Amino acid sequence: MTKVYYDKWVGGVKVSDGMTEMSRDESTARWDELRNRVWDKADGALAKQVGGQHYKDMAIQPVEFITANELSFLEGNVVKYISRHHAKNGADDVRKAIHYCELILKTVYNHD
């Protein structure tokens, strides 16, 4: 069984992103269960969107990618804003994605 480790090594220093260790099989099974229970139904959470169509029109919605890859809040916001900039707020969403990248640099890597 292949283990997936979510600790990162930066410059020889272990930086934990708060994720837990699990096997790839466990992660895949959890994702499949979530999709079947919540998102693959026509009346599920992904079938509706409050405030526009910019996520529903995507082949893979940001929340699906973020959840499947167990991204942190900061990483998830990068994905969310960069994936919608062309359909919603343009340059403002790109600036928001950059801001979240800067927050990751500071909080995870202690870089300005």
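Leu105 sits in the middle ground of exposure: its relative accessibility is 37%, so it counts as partly exposed. In this predicted model, Leu105 is part of helix H4. Setting aside neighbours within four places in sequence, Leu105 is in contact with Asn110 and His111. Asn110 is also the residue that follows H4, and its phi is positive, near 55°.

Helix H4 itself is worth a closer look. It runs over residues 91–109. With 19 residues at 1.5 Å a residue, H4 should span 27 Å, and its end C-alpha atoms turn out to be 26 Å apart, which agrees. Four residues of H4 are buried, namely Asp93, Ala97, Tyr100 and Ile104. These buried residues take up an arc of only 60° around the axis, which means that they lie on the same side of H4. Helix H3 is included in what covers them.

That brings in the nonpolar core. The largest one is built from six residues: Leu74, Val78, Tyr81, Ala97, Tyr100 and Ile104. Helix H3, covering 73–84, and helix H4 each supply at least two residues of this core. Leu74, one of the core residues, touches Tyr100, Leu103, Ile104 and Thr107 once residues up to four places away in sequence are left out.

Next come the aromatic rings. How many aromatic pairs are there? The count comes to two. In one of them, Phe73 and Tyr100 meet edge-to-face, with 6.2 Å from centre to centre and 75° between the planes. This pair links distant parts of the chain, given that Phe73 belongs to helix H3 and Tyr100 to helix H4, 27 residues apart. The two partners are not alike in exposure. Phe73 has a relative accessible area of 63% and is therefore exposed, the cut-off being over 50%. Tyr100 is at 17%, so it falls under the 20% limit and is buried.

The rings of Tyr81 and Tyr100 have planes at 20° and centres 5.9 Å apart, so this pair is stacked. Tyr81 lies in helix H3 and Tyr100 in helix H4, so the pair ties together parts that are 19 residues apart in sequence. Here both partners, Tyr81 and Tyr100, are buried. Tyr100 takes part in the edge-to-face pair with Phe73 as well as in the stacked pair with Tyr81, and Phe73, Tyr81 and Tyr100 form one aromatic cluster. Tyr81 and Tyr100 are also members of the largest nonpolar core.

Finally, the protein as a whole. It has four helices and four strands. Read along the sequence, these elements follow the pattern β-β-β-β-α-α-α-α, with the strands ahead of the helices. The protein has 112 residues, and 28% of them count as buried. As for contacts between residues at least 6 apart in sequence, 33% join residues at least 24 apart. The accessible surface comes to about 7,700 Å², and carbon and sulfur atoms account for 56% of that area.

Key:
Residues numbered from 1 in each chain as written. Predicted model: local features only at pLDDT ≥ 70, side-chain atom pairs only at ≥ 80, totals over all residues. Heavy atoms only, no water. Core = buried A, V, L, I, M, F, W, Y, C linked by side-chain atoms within 4.5 Å. Buried < 20%, exposed > 50% of the residue type's maximum accessible area, 1.4 Å probe, protein only. Contact = heavy atoms within 4.5 Å. Phe/Tyr/Trp six-rings, centres within 6.5 Å; stacked < 30°, edge-to-face > 60°. Areas by Shrake-Rupley, 256 points an atom, 1.4 Å probe, with all protein chains shown as cover. Expected span 1.5 Å × (residues − 1). Arc of directions from axis to C-beta.
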